[in-house]
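Let's look at how the words used for a protein model follow from its numbers. Take each label in turn and ask what earns it.

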Amino acid sequence: MCRNGPTGAAGLRERPGFTLIEVLIVVVILGVLASIVIPQFADATAQSSKSVFAANLRHFVEAAQLHQFDTGEYPADGNSGQVPAGFESYIDTAKWQTATPIGGVWDAENEDEGGFASAIGVVFNGTGQTRDDLYMRDIDALLDDGDLSTGVFRKIAEDRYYFIVRP
């Protein structure tokens, strides 16, 4: 035996630790686990964005109904992303003026030719990610009947989805 500890067959001192192969195997296993878990987190993030959007939309619709109760009129038709005149005291304007949780901007519509008197919704104008009908059907299912052509949540144009406050 050597003074410094046991030696191997070649006379070299053995050191505790991992070989390169053992480290590579651990890295590969961690990579496989990450590839399984990360998509689940991405899906959870998408679901939470849809839920936050639906909750914000419900809040804005309730605020529009309260505005109508107080003033006799629904919020004015305004430019997309800008708070309608007189609606400021009913909502959190910062939420209205920033992109929605799913992309696009908030908008209020009145006396639309599509057959409703007042609606609150989202316009996909290039702000954030633009969503398609398949994505928006999931939100419709949270709010209504899951059909974008019927009910209170509808697609009214190629890039516009609204909750009908007053038909």
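Q: What makes strand 3 and strand 4 a pair?
A: In this predicted model, four bridges join strand 3 to strand 4, and the two run antiparallel. Pairing asks for at least two bridges, so strands 3 and 4 qualify. One of the bridge partnerships links lysine 155 with tyrosine 161 in strand 4.

Q: How many residues does the hairpin use to join strand 3 to strand 4?
A: The hairpin makes the join through two residues.

Q: Why is the contact between lysine 155 and aspartate 133 called a salt bridge?
A: The closest N and O atoms of lysine 155 and aspartate 133 are 3.1 Å apart. The cut-off is 4 Å, so this pair meets it.

Q: Which parts does the pair of lysine 155 and aspartate 133 tie together?
A: Lysine 155 lies in strand 3 (residues 153-157) and aspartate 133 lies in helix 3 (residues 133-143), so the salt bridge ties together parts that are 22 residues apart in sequence.

Q: How do you know whether lysine 155 is buried, exposed or in between?
A: Lysine 155 has 26% relative accessibility. Buried means under 20% and exposed means over 50%, so lysine 155 is partly exposed. Its partner aspartate 133, with a relative accessible area of 25%, is partly exposed by the same rule.

Q: What makes arginine 160 and glutamate 109 a salt bridge?
A: Their closest N and O atoms are 3.3 Å apart, which is within 4 Å, so the name fits. Arginine 160 belongs to strand 4 (residues 160-166) and glutamate 109 to strand 1 (residues 105-112), so this pair ties together parts that are 51 residues apart in sequence.

Q: Why does glutamate 109 get one accessibility label and arginine 160 another?
A: Glutamate 109 has 12% relative accessibility, which is under 20%, so glutamate 109 counts as buried. Arginine 160 has a relative accessible area of 23%, so arginine 160 falls between the cut-offs of 20% and 50% and is partly exposed.

Q: How do you know that aspartate 159 and arginine 160 form a salt bridge?
A: The N to O distance between their side chains is 3.8 Å. That is within the 4 Å limit, so it counts. Aspartate 159 is at 29% relative accessibility, so the label for aspartate 159 is partly exposed.

Q: Which residues are linked in a network of salt bridges?
A: Asp107, Glu109, Asp159 and Arg160 are linked in this way. The structure as a whole holds six salt bridges.

Q: Why is alanine 117 called buried?
A: Alanine 117, found in strand 2, has a relative accessible area of 9%. That is under 20%, so alanine 117 is buried. Not counting residues up to four places away in sequence, alanine 117 touches Glu109, Asn110, Glu111, Arg166 and Pro167.

Q: How do you know whether lysine 50 is buried or exposed?
A: Lysine 50 sits in helix 1. Its relative accessibility is 6%, under the 20% cut-off, so lysine 50 counts as buried. With residues up to four places away in sequence left out, lysine 50 touches Ile102, Tyr135, Asp138, Ile139 and Leu142.

Q: Which residues have the most contacts inside the largest nonpolar core?
A: They are Leu57, Trp96, Ile120, Met136 and Phe153, in a core of 28 residues. Two or more residues come from each of helix 1 (20-71), strand 1, strand 2 (116-123), helix 3 and strand 4. Helix 1 gives the most, with seven residues. A second, separate core of six residues includes Val105, Ala119, Val123 and Ile164.

Q: What is tryptophan 96 in contact with, leaving aside its neighbours within four places in sequence?
A: The residues in contact with tryptophan 96 include Phe60, Val83, Pro84, Phe87, Trp106 and Ile120.

Q: In what order do the elements of the protein run?
A: From the N terminus on, the order is α-α-β-β-α-β-β, and the secondary structure comes to three helices and four strands. Of the 167 residues, 32% count as buried.

Conventions: Residues numbered from 1 in each chain as written. Predicted model: local features only at pLDDT ≥ 70, side-chain atom pairs only at ≥ 80, totals over all residues. Heavy atoms only, no water. Buried < 20%, exposed > 50% of the residue type's maximum accessible area, 1.4 Å probe, protein only. Core = buried A, V, L, I, M, F, W, Y, C linked by side-chain atoms within 4.5 Å. Contact = heavy atoms within 4.5 Å.
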